[in-house]
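Here are my notes on this one, written as numbered points so you can check each against the viewer. Have the chain open while you read.

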Amino acid sequence: MSWGTDLWDQFENLDKHSQWGIDFLERYAKFVKERLEIEQTYAKQLRSLVKKYCPKRSKDDEPRFTSCLSFYSILNELNDYSGQREVVAEEMGHKVYGELMRYSQDLKAERKHHLQEGRKTQQYLDQCWKHMDNSKKKFERECKEAEKSQLIYERLDSDINATKSEVEKAKSQLYLRQHMAEESKNEYAAQLQNFNSEQWKHFNVAIPQIFKNLQDMDERRTVKLGEMYRSFAEVERRVIPIISKCLEGMVTAAKNVDERRDSGIVVESFKSGFEPPGDFPFEDFSQNIQRTGSDGTIGTPKTEGGKADPKHAVGRTKNKLWLFGKKPKAPTLEDLSHLPPEQRRKKLQQRIDELNKELQKEMDQRDALNKMKDVYEKNPQMGDPGSLQPKISETICNMEKLRSEIHKNESWLAEVEGKHGSRSERRSSADVNHHAPHGRESPEGSYTDDHSQEHRSPPQPDPHEFDDEFDDDDPLPAIGHCKALYSFDGSNEGTLVMKENEVLYVIEEDKGDGWTRVRKQGGEEGYIPTSYVEITLEKNSKGAVTYI
């Protein structure tokens, strides 16, 4: 049957096309799976990167520089960003890949059902055709047998030699064959009618319906693919606002980098409190050589007393010129006296804080042991109270040791802070007696009355050191005047800008910290380095003052 072959070819084509559609859908599902695996790997690597560069020290040990804080903020934002990549991977796995795989299984089941229905319909039509063909062949055989019986009967009937019984037998055989041929004809007609009816249903109802179902299935597959394409993009688009906020946070962190603040932190952290070394004196080896009056040689620099400063020796600067050179090795002492004053104060304070934390831990442990001892005393079956006594005694011993260490370090800290506070005390006493010796504290910590000691380079002041020095409403009296030997920019708070050769009024002399408080002609007050000016104090009687 040519029509059967053509129909089978159509079924084969539909079978191949529907299978290709499912294969394509699964191929896209595989693409989504690999895509989400990339997202998962990317997020995992980002989290590992953040963990690798996150600070592993405690917050107290972390640097306070804005550049470091901004970098840690960027790491936090990057961690949030990796979380959004994980969200993308999770959404793709659940809403796209998972849905595609479930729909693929449904498509396979539906395709299998439709193809089975088509095969069943075709098999049923083939069976109807076989029944019709068999009845047709039977009808053909019966007709040939009836024709043969009729020829035999006619031959015997015309033969005069044939007996009557032979003629009757041939006649009955003819009637039998004709009857069987008639029944075969009726059966063939019924089978033919049934086959034609089933064939019409097959080609006009069943097959079109199956083809339509396959077409609907393929169209739904195409629509589903479009929806999955859109969902794939929507998953990415939903996290874009959060990712944008993460990137904005990184930009904000970058803007928060403040080089001035970082420099201030460095200065505050590493300032030593040491004064810079003084100037080297001129050593005149030509004092015993007689000079004429017209000699233009350079004379020996003299101090106010006409003599060179014997205390201003080269040895004063020994072991002080190591700012950019090799720093001399200093022994590490328990009281940290080998450190500069400011560094010593910070280290002592840090050590006291750590000891207090350890003391608090020991106290908590003692309280816990006492509570446990009380419980054991009330319920002896839970344990022996006496077994806890050695541990309690050890804890109390540790507490006493820690208290002793804290007291010792606090005394050292009080000593350091007392030295820093002596400057303000000396300033307040200077307002009562202006004729007190204006000595300087040397870098070794001693005092001297030598006026040549004023010509020293100034230490770097604390930016907030002089904030409380200008709170008085009444101007201080002038106790002398000074002439600037060098220019001074006065960049720090509390200091005063000074030009070379400028004359200023002295309103408070140096108290050993290397700074002198002065007033300009216009009334502006501030501190200047003592070593930058030549000071002349008023020789008034005790208690007499001159107001500017």
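1. Let me begin with a pair of helices: α5 and α6 are roughly perpendicular to each other, because their axes cross at roughly 85° and anything from 65 to 115 degrees gets that label. The two axes come within 8 Å. Keep in mind that this is a predicted model.

2. Which residues do the touching between α5 and α6? On the α5 side they are E268, S269 and F270, and on the α6 side E342, Q343 and K346. Sorted by class, that contact has 3 charged residues, 2 polar ones and 1 nonpolar one.

3. Now α5 by itself. Helix α5 runs over residues 259–270, 12 residues in total. From its first C-alpha to its last it reaches 17 Å, close to the 16 Å expected at 1.5 Å a residue. Its buried residues are D262, I265 and S269. Looking down the axis of α5, these fall within an arc of 55°, so they line one face of the helix. E259 and R260 are exposed on the other side of α5. The cover over the buried residues includes α2 as well as α6, which spans 341–378. S269 is worth a click, since this residue is buried in α5 and also takes part in the contact with α6.

4. Next, the other pair. How do α2 and α4 run relative to each other, parallel or antiparallel? The axes of α2 (residues 66–158) and α4 (residues 240–255) come within 9 Å and cross at roughly 170°. That makes the two roughly antiparallel, as the angle is over the 145 cut-off.

5. The α2–α4 contact involves S70, S73, I74, E77, L78, D80, Y81, Q84 and R85 from α2. Facing them in α4 are I242, I243, K245, C246, G249, M250 and A253. By class, this contact has 8 nonpolar, 4 polar and 4 charged residues.

6. What about α4 on its own terms? With 16 residues, α4 reaches 22 Å from first C-alpha to last, close to the 22 Å expected at 1.5 Å a residue. I243, C246, G249, M250 and A253 are its buried residues. They cover an arc of only 110° around the axis, which puts them on the same side of α4. K245, E248 and K255 are exposed on the other side. Among what covers the buried residues of α4 is α2. Note K245 in particular: this lysine is exposed, and K245 also appears in the contact with α2.

7. Stepping back to the whole chain: there are 7 helices and 7 strands. In sequence order the pattern is α-α-α-α-α-α-α-β-β-β-β-β-β-β. Of the 548 residues, 32% count as buried. Take the contacts with a separation of 6 or more: residues 24 or more positions apart account for 76% of them.

8. For a single residue among the helices, try L14, which sits in α1 (residues 2–53). L14 is partly exposed, with a relative accessible area of 27%. Leaving aside neighbours within four places in sequence, L14 is in contact with F211 and L214. The C-alpha atoms of L14 and L115 are 8.9 Å apart, with the two positions 101 residues apart along the chain counted as their separation.

9. Over to the strands. Where is N501? N501 lies in the loop between β3 (480–484) and β4 (503–508). Its phi is near 70°, a positive value in a residue other than glycine. Most residues other than glycine have a negative phi. At 49% relative accessibility, N501 counts as partly exposed, because the exposed class takes values over 50%.

10. Finally, D510, in the loop between β4 and β5 (515–519). Is this aspartate buried or exposed? D510 counts as buried, at 2% relative accessibility. D510 and Y527 are 17 residues apart in sequence, and their C-alpha atoms are 9.7 Å apart in space.

Key
Residues are numbered from 1 along each chain as its sequence is written. This is a predicted model: local features need pLDDT of at least 70, side-chain atom pairs count only at pLDDT 80 or more; totals for chains, interfaces and linings use all residues. Side-chain values use heavy atoms; hydrogens and water are left out. Axes are lines fitted to C-alpha atoms, for helices over the stretch in contact, and angles run from 0 to 180 degrees between N-to-C directions. Helices (H or I, at least four residues) and strands (E, at least two) are DSSP runs, numbered from the N terminus. Angles under 35 degrees count as roughly parallel, over 145 as roughly antiparallel, 65 to 115 as roughly perpendicular and the rest as oblique. Contact means heavy atoms within 4.5 Å. Ala, Val, Leu, Ile, Met, Phe, Trp, Tyr, Cys and Pro count as nonpolar, Asp, Glu, Lys and Arg as charged, and the others, Gly among them, as polar. The expected span of a helix is 1.5 Å times one less than its number of residues. Buried means under 20% relative accessible area, exposed over 50%, partly exposed in between (1.4 Å probe, protein chains only). The arc is that of the directions from the helix axis to the C-beta atoms.
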